[in-house]
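Here are a few notes to read alongside the model. Please keep the sequence and the 3D view open while you go through them.

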2 protein chains.
Amino acid sequence: MNSYDKYLSPLGRNLHESVLRKMGQVTASRTGDLISFAAGYPDPVGFPWDEFREIANELLSGKDGSVLQYGPTRGYRPLLESIIGVLDGRGIKTDLTEVMTTSGSQQGLDLIARVLIAPGDAVLVEVPTYTGAIAAFRNAQCRLVGVPQDADGINIDELDAACVRERGAGARINLLYLVPNFQNPAGILLSLDKRARLLEWAEQRDMLIVEDDPYGEIYFDDVASAGETRPLKADDRRGRVIYLSTFSKTLAPGFRVAWVAAPAPIVERFDTAKQSMDLMCGILDQRVVHQSIVRGVLERQAAPLRQLYRMRRDVMEEALREQLGGRLTWIAPKGGFFLWAKLPDGYQCEPLLARALEQGVLFVIGSAFCVDGSGHDRIRMSFSWPSPEGIREGSRRLALAMQPELAQR
Amino acid sequence: MNSYDKYLSPLGRNLHESVLRKMGQVTASRTGDLISFAAGYPDPVGFPWDEFREIANELLSGKDGSVLQYGPTRGYRPLLESIIGVLDGRGIKTDLTEVMTTSGSQQGLDLIARVLIAPGDAVLVEVPTYTGAIAAFRNAQCRLVGVPQDADGINIDELDAACVRERGAGARINLLYLVPNFQNPAGILLSLDKRARLLEWAEQRDMLIVEDDPYGEIYFDDVASAGETRPLKADDRRGRVIYLSTFSKTLAPGFRVAWVAAPAPIVERFDTAKQSMDLMCGILDQRVVHQSIVRGVLERQAAPLRQLYRMRRDVMEEALREQLGGRLTWIAPKGGFFLWAKLPDGYQCEPLLARALEQGVLFVIGSAFCVDGSGHDRIRMSFSWPSPEGIREGSRRLALAMQPELAQR
């Protein structure tokens, strides 16, 4: 048989690809010295290898068979207790009924998509927003409604107008998806004032807020402080926030250990859904992460990681200024992994990407993050993974890629 | 807020729980010396701890940053190549376009549910069948149609009749789900003759077969041979079989590394779907499994595991005969982890479970495996996890649990 189309479900026919994953395939299939500003990978030099090795060594002694056994869907209980402690450090009070582990935050997004989004729903997202959320939500066959951002985060007037407009048109609309800390891709930090107003707004409009917080720990202390990253969830007195976070950026992404903190009835549903999705997260991974928290490894990671990525940001900003003068502009990232750049007038990200690939440098096209058809004049560049030399060389290549079109004008 | 029901999707409102997972929670929450014949867990004494520790130690040296990095959704490529080798050993020829890793076979079932099952579809399953498949498929909002089994596997006349009847009634019906080797829960080995006939039947009726094969390596060589476990997929010339298998029983379940082998266009869809579900399987887990294959650990596991579980089966059969005489009957398991027992006339599994729990022994009620409302006179007992002493003591307790009702008769 050649075609299996007739066997597919409606979802199987209309699956949305993650643009980032697709670009990962480009990177993987290219040989030679491609420099990638595309992937939002942490730098493995920042992983606590010695500690992980020591922990794994102890766990795999064979003394405790449960280290490699099946375990509860909700998560390894001592890890859940440690996560409650991590949340407490962020100002969020939870108990065991309100947290569960997920196989990466992507699974948290998928759980939200399956349990809370009905086909035909409208879901509010920022423009731009994270592609993994776009793919997961679209696979629930909803319609994504984009809301613009200001320099201090989502525009609340526009947000409210969109919500009212959608409801007026008869749409079921219950969810707002946000990345408040060092947003992927825009790098924006949502102001504390807007966080408070968003909680009020959610109550007023009877909305739930999905708060995705992978980067909160990675603030750059020359321009941001821990206090400014305080999650909305910390002040969520009405149970309106579903909070996602992960160990992928602070420990290592290879473990696939992330978590959700949400009202107990929602976590209960997520747990049931996960049972038929993958039974549980990898238990060795959970145990390594748990020990990393208990032994203080996670806590010791934070300051050096902030230093590492702040330096990378400095290198990228400097290199881009040097290579591209004022032609490329961006909002200075206060944390996280990304620089969201605006191309000069007349430039489009798609043809530029083709030329950049010829020069051996990769970025993500801005349109991939924008559900309203915009973003063609933007690119996302990650400074987290390439070395300082790589960042400088990649910026030089990007400048070369921008030459021909400049010449044409 | 107290209730979040109004925010739920139709799926969120109608999630199907895995009965086995629920029983796992019972076990976990009970203190004391409960003996569980419920969980289909492998025995950790059979895990190759020393080899895992050595492999993890080397992988976590820090020399290769990709060990804990993000990786491709399809799977770590050297592992995929090793899996192709494992499949070759089972008579199945595949290439890299036809295999992918999944987070346990449960994720394979979920991928099938999402990509191939439309709401309202009918799906054919054996009676009894695996509860994890029941939950995953039902969450795709399909209708499960049960087909009875003979001692040598599914009854093909009844199968065909069910298919024709469903189509005649206008149902969309494309899938048959089977566990041909040492079926969970019935322990039945599907005959080679029926395997050949099923492939012909699938072609004739334009059906796809989902072949779930976690236990093929665990045959008991006093009553079965490797040749008898030859997968349907090995003779699938028309691309009609989606084959699932796992390292959970042969290496360890805690790694969550399983795989699908299927026609390339289907694997392509699964890959896209998995991108928005969890990005990828744990990469350290994949690397450990890969090294376990490369170093011959997996191969060396097989014979001792067959011995281990054959002995456990012997202990359980002997203990049950001793404790319960001819009152409990069962088809002798030729492999796998389970004994599917028929209760004496007048017994029902649900009240028996309550009494068994009082006595400190746990099993799974037969009705959980039967989509046609039958199975109330059956129980599934796993001999894989409890120690020989545990099996004997558990059988004694089961006999005690069966006394009061006997007395009432």
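The points below cover the symmetry, the cysteines, the cavities and one loop residue.

1. Keep in mind that this is a predicted model. The two chains overlay with an RMSD of 0.0 Å, and getting chain A onto chain B takes a turn of 180° with a shift of 0.0 Å along the axis. The copies are thus related as by a two-fold rotation axis.

2. How do the copies meet? Of the interface residues of chain A, 100% are also interface residues in chain B, so both copies use the same surface for the contact.

3. On disulfides, the count over all chains is zero. Take A:Cys349, which is in no disulfide: its nearest cysteine sulfur belongs to A:Cys370 and sits 8.7 Å away. The cut-off for a disulfide is sulfur atoms within 2.5 Å. A:Cys349 is also buried, with a relative accessible area of 0%.

4. Over in chain B, have a look at B:Cys163. Which cysteine sulfur is closest to that of B:Cys163? The one in B:Cys142, but at 15 Å it is too far for a bond. B:Cys163 counts as buried too, at 1% relative accessibility.

5. Next, the empty space inside. There are two cavities of 30 Å³ or more. The largest holds about 90 Å³ of space, and 16 residues line it. Closest to its centre are A:Ser103, A:Arg256, A:Gly282, B:Arg256 and B:Gly282, so click on those if you want to find the spot. The lining of this largest cavity splits into six nonpolar, four polar and six charged residues.

6. The second largest cavity has a volume of about 30 Å³. Its lining consists of B:Glu126, B:Gln149, B:Gly153, B:Ile154, B:Leu178, B:Val179, B:Pro180, B:Ile188 and B:Leu190. By class, that lining comes to six nonpolar, two polar and one charged.

7. Last, a loop residue worth a click. Where does A:Gln348 sit in chain A? It is in the loop between β11 (338–342) and α12 (349–359). Is A:Gln348 buried, partly exposed or exposed? Partly exposed, with a relative accessibility of 38%. A:Arg378 is 30 residues away from A:Gln348 along the chain, and their C-alpha atoms are separated by 7.7 Å.

Methods: Residues numbered from 1 in each chain as written. Chains lettered and ligands numbered in written order. Predicted model: local features only at pLDDT ≥ 70, side-chain atom pairs only at ≥ 80, totals over all residues. Heavy atoms only, no water. Least-squares fit on C-alpha atoms with pLDDT ≥ 70 in both. Contact = heavy atoms within 4.5 Å. Buried < 20%, exposed > 50% of the residue type's maximum accessible area, 1.4 Å probe, protein only. 1 Å grid on protein atoms, 1.4 Å probe; cavity = no way out; pocket = protein on both sides within 12 Å on 5 of 7 lines; lining within 4 Å. Points joined across faces, edges and corners; volume = space filled by probe spheres on them. Nonpolar A, V, L, I, M, F, W, Y, C, P; charged D, E, K, R; others polar. Helix = DSSP H or I, 4+ residues; strand = E, 2+ residues; numbered from the N terminus.
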